[in-house]
2 protein chains.
Amino acid sequence: MNTEQLTELGQQLRVDSVRVADAAGSGHPTSSMSAADLMAALLANHLHYDFDRPDHPGNDRLIFSKGHASPLLYSMYLAAGAVDEKEFLTYRTLGSRLEGHPTPRLPWVDVATGSLGQGLPVGVGMALAGQRLGHTPYHVWVLSGDSEMAEGSVWEAIEHAGDQHLDSLTLVIDVNRLGQRGPTRHQRDLDAYGRRLRAFDWHTIEIDGHDLDAVDAAFNEARSTFRKPTAIIAGTRKGRGVASVEDREGMHGKPLPDAESAIEELGGRRSIRVSVAKPAEPETHPRTAGRRGTIALPHYDVGDSVATRDAYGRALAALGTAREDVVVLDGEVSDSTRSEFFAKEHPERFFECYIAEQQMIAAAVGMQALGHVPYASTFAAFLTRAHDFLRMASVSRASINVVGSHAGVSIGQDGPSQMGLEDLAMFRAIHGSTVLHPCDANQTARLVAAMHELPGVCYLRTLRGATPVVYGPDERFPVGGSKVLRRSDADRVTLIGAGVTVHECLKAADLLAGEGFPVRVVDLYSVKPVDERTLQAAADETGCLVTVEDHHPQGGIGDAVAEVFSDGRPAPKRLVRLAVGNMPGSATPAEQLRAAGIDADSIAAGLRLLVEQTLR
Amino acid sequence: MNTEQLTELGQQLRVDSVRVADAAGSGHPTSSMSAADLMAALLANHLHYDFDRPDHPGNDRLIFSKGHASPLLYSMYLAAGAVDEKEFLTYRTLGSRLEGHPTPRLPWVDVATGSLGQGLPVGVGMALAGQRLGHTPYHVWVLSGDSEMAEGSVWEAIEHAGDQHLDSLTLVIDVNRLGQRGPTRHQRDLDAYGRRLRAFDWHTIEIDGHDLDAVDAAFNEARSTFRKPTAIIAGTRKGRGVASVEDREGMHGKPLPDAESAIEELGGRRSIRVSVAKPAEPETHPRTAGRRGTIALPHYDVGDSVATRDAYGRALAALGTAREDVVVLDGEVSDSTRSEFFAKEHPERFFECYIAEQQMIAAAVGMQALGHVPYASTFAAFLTRAHDFLRMASVSRASINVVGSHAGVSIGQDGPSQMGLEDLAMFRAIHGSTVLHPCDANQTARLVAAMHELPGVCYLRTLRGATPVVYGPDERFPVGGSKVLRRSDADRVTLIGAGVTVHECLKAADLLAGEGFPVRVVDLYSVKPVDERTLQAAADETGCLVTVEDHHPQGGIGDAVAEVFSDGRPAPKRLVRLAVGNMPGSATPAEQLRAAGIDADSIAAGLRLLVEQTLR
């Protein structure tokens, strides 16, 4: 399209943004209007996308990091003929795919946005996949607002993209001067963004975002820039084109006061249909297709002592050999998480993310959107850094595997800053998640393989220290299952642990068995979904359930077990939870477990007391 | 001290770091040795600190963001005479204040570190307080590693510090080239850090961190730099001074292989005692002392309709008038959280953090360490961005108030990215936290005032939409309490809600009362601690407890109620939880509540079914 046609298309996108927000009675038309010219040029002249085949591997990727500008995105879909007028007007209504912020319920949306500062990190993941994993070439376009440049996650992404020479990535910053609550930090100072980005080795282009010749030229320059990502820093005006709202404060996130006259001021409705260029390249299959037969998982002998983090690393390396779609990311602690075992065998599919956990999870989300199966690891404690990205991954319907090592007080001397004590609570509350916490090496290996097939956000919690191998290598561990490790018909209490506490429960049970007090022990390796049947049976048969976890008392295994009995079914006679209620300091692993009251002796002492009480 | 003396002190700090890690059998001596010369010069010639009076308002602040270099910090304390040799050698043992990573169990440590990338954001908060809140002048020194410069939170802080001209802040980057797992991204390229920092309007000084003349001069330059924060970017060598470990990979986080010969190589033990300069300035009291009498909280009439976020903002403004120690921070959404009401009345104590939630919480932690009482707000959903900072706040024994607005599906059309549905789970699992969720305006006002006096991390959850005022302005709401809003001796079920679901529960109870089916209703405004007595009584008297929450089923109100019955006491006959189990889309607030099954009609339908089952 030429400049005149682009100008008309820009106005159409504005009119339609105003229309659709007005119909919905809510939304962000002014944030859409500022970026309308930018997106008109992109859609008509630069985007390569086959709307009939959203799974074409050569499609460009377009991420609206400023997800609140959804009226603009949907107006583009309308112009491209991807949605029709009838569906368009369902915006923000019950059941509509056109949600207030875009989600992958629409086939052309790869990832959900709406939590600002996430689009660029996800785009970095997509560009990395394109650069390193043998995809048909594509370009990644990210539209971001100026306000969200304050998010640290954006700078993690900028650093990573510059360092990795991601020339297939273009960031378009819609510098419209106004955030939600008023002026942004840098207002119209385009160079404030430019000089920062250049310091991170980006190519930058500063333009008037309403000058369509400049916009068009900038996109050409971005696509042809070599060995550097490009930022198009576009000065724009929020609410552009309608005097009553243009560049005015207090006009964020609401329909225009008078939509009819605004549409008139914008020149009325248009019906330009854009024929979007399709990807020119033939399809080449990325590294997501190949399967090289069965997975040769490492085996461990019962009675050996192995850290589950070691078992994780070894299983992952074996999985990588059998499954070419596996990609691994780590936050500069691969020697601790043991993802280094994978890195050594499959360096081309290992992504060092340095200490930038948000970027790590975002990259995983980006890669899974392209068909890869990511495993991302760091210390369990530091995964809290990426909580918002994990939450949004579930809105994105993303399937990612996340692995947290160094769980709980059992790490020992390093102290509470390094201990994952909130991770189970965090992951359990993520919609559609799976939460696994193995206690031995063979179990870990099996679960690592099982995660490969699971949808949603899947979490595996591993231990720093070695634990005894209690299962044979042929044992199976279905997700949603559990293992009963001690049982008799005379059991009067059931101990329920996972990870390190399974071994403390076993020791306690053996102690008590010696005293003529038989105790059942359940290994609850699948924390979510939880094995309701086994727990219900244990409640019926033993009366008392005691959960033991190396985690804070809230949100973990105790809560998972209690939930089983929260659907109106009869509860067990007694429920007791042992967990880390103290603030730990430094001490040996054994001292830590003792101080928290979750070692074998504490468990045994608690059970003796409980049985006395129950009998009274 | 002159150069020669400083050189000797640097060697002493190295020797002591090696000694103490050797005695403990763990720790990070090599990460300490790289920064020893830097810290020798700081301690002897530049730090102003009265170790006998850690609460002196004029004390400089020293934050070891690279908290794993605790051997160095404790060696400094030894040199300053703050700890003696006997305590020094308790490092990393059970009960010792000298933990693996520093915590405020030591009176000279303001905030816990060990999760990298947090020291600078906290330091920014302290420098902001010094700049704006009338403290005796002090300098804030932050020692950071090079690896942690990859954390986005560091760049949030760099942006904030440059923008606010924080010339009382100095960042010392120990560029020792090696992270935990191997080389850092920029290795010895000091200018990679320098040009980035300069782009953010910092003053930078690049030096050889083992050239003590240069180090000494850099500290002088940093202190005298005007209107800009300074970064001293120091090239160093990890394990400096001991050939077998110096600048070698694989030597992170472990004692030296042969401590005795290493100490010999470093010239043996020394016993230099440093006389640290005390703050020269007389004490002036910051804005933490003044109390201007009783708090004139706004009152609301029963039956009025008011959003709890509005009540939050108004109460906060009133609290600010009566309590000069209150400071307020917001993540560029003060028009939504309503902290703008405070900002308008007390602009000098309002801190705009832009969209940088990690920086916001870190600044709050820094300010509370200096005696202020911070209230930090954004959307509940976006507080997940700061999860790691909230977790570390608890390790810091920090008292901060955090407010999350736009909780739950009841926000309506904006969709899941904007809905706080995991926030209760996150905050409940934080050690020592308090979690409050009011349902009406008078209750909100009272709780906002109560939070002022609470220790630990205190969370208040507010609603976007208006809810009816059900309590009079004189009603009291103790933390740990609840309110029984409907009750009779014939109650056969107890409904337990908080926030918006209280009103749905009341409507359901009224519906069912009309059918001759009396139902108790409990307003569980204090989610943690929870009112065990009232819940126990409700269980005893009505048999069935039904929790209703606008939150995911995990970690919230259902779990909080279940926990009451997890200490071995008899459980209620039936426990049922209603929560948001679906992935919401866009819809009106009423439609959202209906879709999640937590509106009055769904609750009533569920209760009818439950009672039928129970009677069967």
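How many residues of chain A are in contact with chain B? Here 105 residues of chain A are in contact with 105 residues of chain B, where contact means heavy atoms within 4.5 Å.

This is a predicted model, in which local features need pLDDT of at least 70 and side-chain atom pairs count only at pLDDT 80 or more, while totals for chains, interfaces and linings use all residues. Residues are numbered from 1 along each chain as its sequence is written, chains are lettered from A and ligands numbered from 1 in the order in which they are written, and side-chain values use heavy atoms, leaving out hydrogens and water.

**View 1. The rotation axis and A:G152.** A turn of 180 degrees with a shift of 0.0 Å along the axis lays chain A on chain B, with an RMSD of 0.0 Å (superposed by least squares on the C-alpha atoms of residues with pLDDT of at least 70 in both). That is the relation of a two-fold axis. In chain A, the residue that comes closest to this axis is A:G152, at 1.8 Å (C-alpha).

**View 2. The surface between chain A and chain B.** Together the two chains bury about 8500 Å², 48% of it on carbon and sulfur atoms; buried area is the accessible area (1.4 Å probe) that two parts lose on being put together, summed over both. On the side of chain A, A:R181, A:R185 and A:R385 lose the most area to chain B.

**View 3. A salt bridge from A:R428 to B:D559.** Their side chains meet at 3.8 Å, N to O. A salt bridge is a side-chain nitrogen of Lys or Arg within 4 Å of a carboxyl oxygen of Asp or Glu, and the rule finds 22 of them across this interface. The pair runs from helix α16 of chain A to helix α20 (residues 557-564) of chain B; helices are DSSP runs (H or I, at least four residues) and strands likewise (E, at least two), numbered from the N terminus. A:R428 is buried, with a relative accessible area of 2%, and B:D559 is buried at 0%. Buried means under 20% relative accessible area, exposed over 50%, partly exposed in between (1.4 Å probe, protein chains only).

**View 4. A salt bridge within chain B, B:D174 to B:K66.** Here the closest N and O atoms are 2.6 Å apart. B:D174 lies in strand β3 and B:K66 in the loop between β1 and α4, 108 residues apart. B:D174 counts as buried at 0% relative accessibility, and B:K66 is buried at 1%.
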